[in-house]
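Open the model in your viewer and keep the selection panel handy. We will walk through it one stop at a time.

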Amino acid sequence: MRYRRDYQETHDIDWFFRYKGKAYHAASNGGRLPDAVDSKKNRLLQEKLEDEIGGFEVIYEEGIREFYGQGADLSSFEEYAKKGFISLDRCEVEEGEKNDGLKYRVVVSPAEGSFNNEEMLKMMPELKEEIIEIVNNGNQ
Amino acid sequence: MATQRALEHCVSDAIQEIKRQVRRIRQSHPNVKHRIQDYPAMVVACGYKRSGAVFWGQSASPVNLQYEQPIKKRLEALAPIGEKRKECNNVIGACAEPHAANQVVKTFPGCNMKELQFSSAYRPRTAQRKKYCQNCKETFYEVL
């Protein structure tokens with residue numbers, strides 16, 4: 001089952017996917033989610049991941065703290081990176097621009113390795129390049 | 001009188017409460033459709049100058065919400081509630097601002113809309129300050 005469109009547009013949903021052999025976490029920031037994201041599985045993943053202990057060392061993208069500004073709380077991204085996810089945030093669009101894009105920015109990643117719980121990985125949709133655009137902070 | 005400081009304090013408390021609530025619900029493993037286990041996209045506080053009362057609101061679907069008449073009238077002047085217009089990406093009535101203001105109007109029926117006060121708008125996840133959208137600027141044109 002999909003998240004309702006009005007729910008997607010008013011919430012900042014943590015969602016998860018596989019892409020090119022790695023596990024990703026993404027913060028939707030009020031944007032549309034891909035059709036492949038199942039709300040029931042996604043909620044279950046949020047709950048299971050809450051119990052996971054994060055042991056990965058993490059690296060913040062260059063310039064990302066400056067991008068968000070002093071005092072911004074990036075801890076929710078860091079938590080998922082510590083659990084082995086490359087953690088993304090949806091790029092915001094300008095007022096009046098279409099809000100349907102799936103363009104995401106890397107915030108923080110594990111220094112080495114990736115989330116490897118097979119059971120949970122199977123619950124995540126695998127996305128193709130044409131579905132999502134992932135940019136690094138310097139490439140916008 | 002609600003001061004800007006009181007408004008910012010209220011919204012800061014709201015952000016902390018939202019974060020605690022999201023974590024608590026996820027840890028309780030409900031996996032139930034109607035338990036909110038996601039951050040709202042935005043949060044804002046709204047106060048009524050005359051009384052000093054402050055309320056906070058979060059972005060949420062307006063579909064099942066009955067807005068108080070003064071707010072409803074202003075929102076519908078832009079477009080039907082629940083729809084979008086080309087000037088703004090947000091659905092009419094979905095922003096945190098009308099949700100917060102609705103509580104003021106509900107508590108103080110007949111209040112003067114010119115006496116509403118808003119905190120800055122924030123994204124709870126990051127606690128970043130955000131701009132008010134075009135819909136909100138037009139709805140609360142005297143104060144935003």
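The tour goes from the whole chains to a sheet, then a helix, and ends where the chains meet.

Before you click, note that this is a predicted model, in which local features need pLDDT of at least 70 and side-chain atom pairs count only at pLDDT 80 or more, while totals for chains, interfaces and linings use all residues. Residues are numbered from 1 along each chain as its sequence is written, and chains are lettered from A and ligands numbered from 1 in the order in which they are written.

**Stop 1: chain A**

Select chain A and colour by secondary structure. You should find five helices and seven strands; here helices (H or I, at least four residues) and strands (E, at least two) are DSSP runs, numbered from the N terminus. The C-alpha trace spans about 40 × 35 × 25 Å along its principal axes. The radius of gyration of chain A is 14 Å, in agreement with the value near 14 Å for a compact globule of 140 residues; the radius is taken over C-alpha atoms, and the globule rule is 2.2 Å times the number of residues to the power 0.38. Buried residues make up 36% of chain A, where buried means that 20 or more other C-beta atoms, placed from the backbone, lie within 10 Å of the residue's own.

**Stop 2: three strands of chain A**

Now select residues 22–27 of chain A, which form strand 3. Five of the six residues in this strand are buried. Add strand 2 of chain A, which pairs with strand 3 in the antiparallel sense over six bridges; two strands count as paired if DSSP finds at least two bridges between them. A:Phe17 has A:Tyr24 as its bridge partner. In the hairpin of these strands, with two residues between them, look for A:Lys20 and its positive phi near 50°.

Next, add residues 86–90 of chain A, strand 5, which pairs with strand 3 in the parallel sense over four bridges. Here the bridge partner of A:His25 is A:Ser87.

**Stop 3: helix 2 of chain A**

Select residues 39–51 of chain A. The end C-alpha atoms of this 13-residue helix are 19 Å apart, which agrees with the 18 Å expected at 1.5 Å a residue; the expected span is 1.5 Å times one less than the number of residues. Show side chains for A:Asn42, A:Arg43, A:Leu45, A:Gln46 and A:Leu49, which are buried. Look down the axis: the buried residues fall within an arc of 155°, so they line one face of the helix. The arc is that of the directions from the helix axis to the C-beta atoms. These buried residues pack against strand 2 (14–19) and helix 5 (118–122) of chain A, and also against helix 1 of chain B.

**Stop 4: chain B**

Switch to chain B, which has four helices and six strands. Its radius of gyration is 15 Å, close to the 15 Å from the globule rule for 144 residues, so chain B is as compact as a globular protein of that length. Buried residues make up 44% of the chain.

**Stop 5: where the chains meet**

Which elements of chain B give two or more residues to the side that touches chain A? Show both chains: 26 residues of chain B are in contact with 28 residues of chain A, contact meaning C-beta atoms, placed from the backbone, within 7 Å. The elements to select are helix 1 (4–27) and strand 1 (39–40) of chain B.

Finally, zoom in on strand 1 (residues 11–12) of chain A, which pairs with strand 1 of chain B in the antiparallel sense over two bridges. A:Asp12 has B:Tyr39 as its bridge partner.

Notes: Two residues are in contact if their C-beta atoms, placed from the backbone, lie within 7 Å. A residue is buried if 20 or more other C-beta atoms lie within 10 Å of its own, exposed if 12 or fewer, and partly exposed in between; C-beta atoms are placed from the backbone.
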